[in-house]
Amino acid sequence: MQWVGYQQRYLADRSQQKAVVKSRRIGFSEVVSFERALRALGIEMIPGKPIRAVKPVSQNIVSASFDQSKAVLKRIALHINALSVAFSNQKVIATSNATLIQLANGAQIRAYSTNPRSMRGFEGDVLLDEFAFVPDQDAVWAAISPNARANLGNRENYQIVVVSTPLGDGNRFHEIIKGRYSNAFSQHKVTIHDAVRDGFPITRENERGETVTATVDDWRAEASDSVVFSQEYECFPFGTMIATPRGHVPIEDLRVGECVLTH
């Protein structure tokens, strides 16, 4: 894999709690899945440092829906298979199905529904994917975050990673990235503009069905709604106050063609 700047910075961050607010379609889910595969296999791969073996860690995966959680698990499995070929050329997955991967080293990777009652009791790292879109975020956090806490058998906390595009400001994800819980997390924010500056190639499909190089303006035109584009790609949640000639205005109340202060 060839990771660009923001992906490398994320992989180099060894914090026990990491939060990511991101644009869509910039490869962040891929690098997060790759990191989960590394930790389950017991491989430490930090950009610029020697690769070394570490203790394998089980993984707990929650996304915005059960199908999305299983999709993340499937992506992790692809990385595990590729890494096993690269490092040992031996079979490392003992058993697997749509919701559970059991590795030969004893680590497990589980995909959960958004039902908090299903999440309790399986210690290891926690990934909360597209967390802003998970229903009842407080109940989900209360159920699964203790899985990553230290106990008598494990004296150190496991890792908690929270990743999402934003969805307003009345939820726990917003509190994690900008509110009262933000100081407890290492923060990563990557808009579509940040991704392009860091070298991430964005593409689109032309009228002949061919994949061609795109610009941010191409994607903006595809979105057709400036507010949706601002939230999904520029990481501005509803309620963000934007400076305009008529004063500060909530982003969802901007008018098409209105002048705004961008920097």
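This is a short walk through a predicted model, beginning at its central sheet and moving outward.

Let us start with the sheet. Eight strands make up an open sheet, and their order is β5-β6-β7-β4-β8-β9-β1-β10, with mixed pairing. At the edges are β5 (93-96) and β10, each of which pairs on one side only. From one strand to the next, the twist averages 15°. As general background, the strands of a sheet pair through backbone hydrogen bonds, and the pairing can be parallel or antiparallel.

Strand β1 is a good place to look more carefully. In the order of the sheet, β1 stands between β9 and β10. With β9, β1 pairs in the parallel sense over five bridges, and here Val21 is found opposite Ser164 of β9. With β10, the pairing of β1 is again parallel and again runs over five bridges; on this side Ala19 stands opposite Gln187. How many of the six residues of β1 are buried? Six of the six are, so the strand is largely enclosed by the rest of the structure. If you follow the side chains, Gln17, Ala19 and Val21 point one way from β1, while Lys18, Val20 and Lys22 point the other way, and all of these residues are buried.

Now turn to the helices that lie against the sheet. Helix α1 packs on the sheet and touches β1, β9 and β10, and its direction makes about 165° with that of β10. This helix covers residues 5-12, and within it Gly5, Tyr6, Gln7, Tyr10 and Leu11 are buried. Which elements help to cover these buried residues of α1? Included in the cover are the strands β1 (17-22), β9 (160-164) and β10 (186-190), together with the helices α2 (28-41) and α6 (192-197). Elsewhere on the sheet, helix α3, made of residues 66-87, lies across β4 (59-62), β5, β6 (100-103), β7 (108-112) and β8 (125-129). Helix α3 runs at about 155° to β7.

Next, come back to Ser164, the partner of Val21 across the pairing of β1 and β9. Ser164 belongs to strand β9. Is Ser164 buried or exposed? Its relative accessible area is 0%, and since buried means under 20%, Ser164 is therefore buried. A polar atom of the Ser164 side chain lies 3.1 Å from the backbone nitrogen of Ala132. Leaving aside neighbours within four places in sequence, Ser164 is in contact with Val20, Val21 and Lys22, with Glu130, Phe131, Ala132 and Phe133, and with Phe173.

One of those contacts, Glu130, deserves a visit of its own. You will find Glu130 in the loop between β8 and α4 (137-144). Glu130 is not a glycine, yet its phi is positive, at about 45°. With a relative accessibility of 13%, Glu130 counts as buried. Cys235 also has a positive phi, about 65°, although it is not a glycine. The place of Cys235 is the loop between α8 (226-234) and β13 (241-244), and Cys235 is buried, with 4% relative accessible area.

What about empty space inside the structure? A search of the whole structure finds one cavity of 30 Å³ or more. The largest cavity holds about 60 Å³ of space. Its lining is made by Leu11, Arg14, Glu35, Leu38, Arg39, Ile43, Glu44 and Met45. Leu11 in this list is one of the buried residues of α1. Which element gives the most to the lining? It is α2, with three residues, while α2 and β2 (43-44) each supply at least two.

Our last stop is Leu261, in the segment after β14 (247-250). Leu261 has a relative accessible area of 59%, and because exposed means over 50%, this residue is exposed. In sequence, Leu261 and Thr244 are 17 residues apart, and from C-alpha to C-alpha they are 6.3 Å apart in space.

How values were computed
Residues are numbered from 1 along each chain as its sequence is written. This is a predicted model: local features need pLDDT of at least 70, side-chain atom pairs count only at pLDDT 80 or more; totals for chains, interfaces and linings use all residues. Side-chain values use heavy atoms; hydrogens and water are left out. Buried means under 20% relative accessible area, exposed over 50%, partly exposed in between (1.4 Å probe, protein chains only). Helices (H or I, at least four residues) and strands (E, at least two) are DSSP runs, numbered from the N terminus. Contact means heavy atoms within 4.5 Å. Two strands pair if DSSP finds at least two bridges between them. Axes are lines fitted to C-alpha atoms, for helices over the stretch in contact, and angles run from 0 to 180 degrees between N-to-C directions. A polar contact is a pair of N or O atoms within 3.5 Å; within protein, one must be able to donate a hydrogen and the other to accept it, and residues adjacent in sequence count only if both atoms are side-chain atoms. On a 1 Å grid over the protein atoms alone, a cavity is a set of points where a 1.4 Å probe fits but cannot get out, and a pocket is an open set with protein on both sides within 12 Å along at least five of seven lines; lining residues have an atom within 4 Å of a point. Grid points are joined across faces, edges and corners, and a volume is the space filled by probe spheres set on the points.
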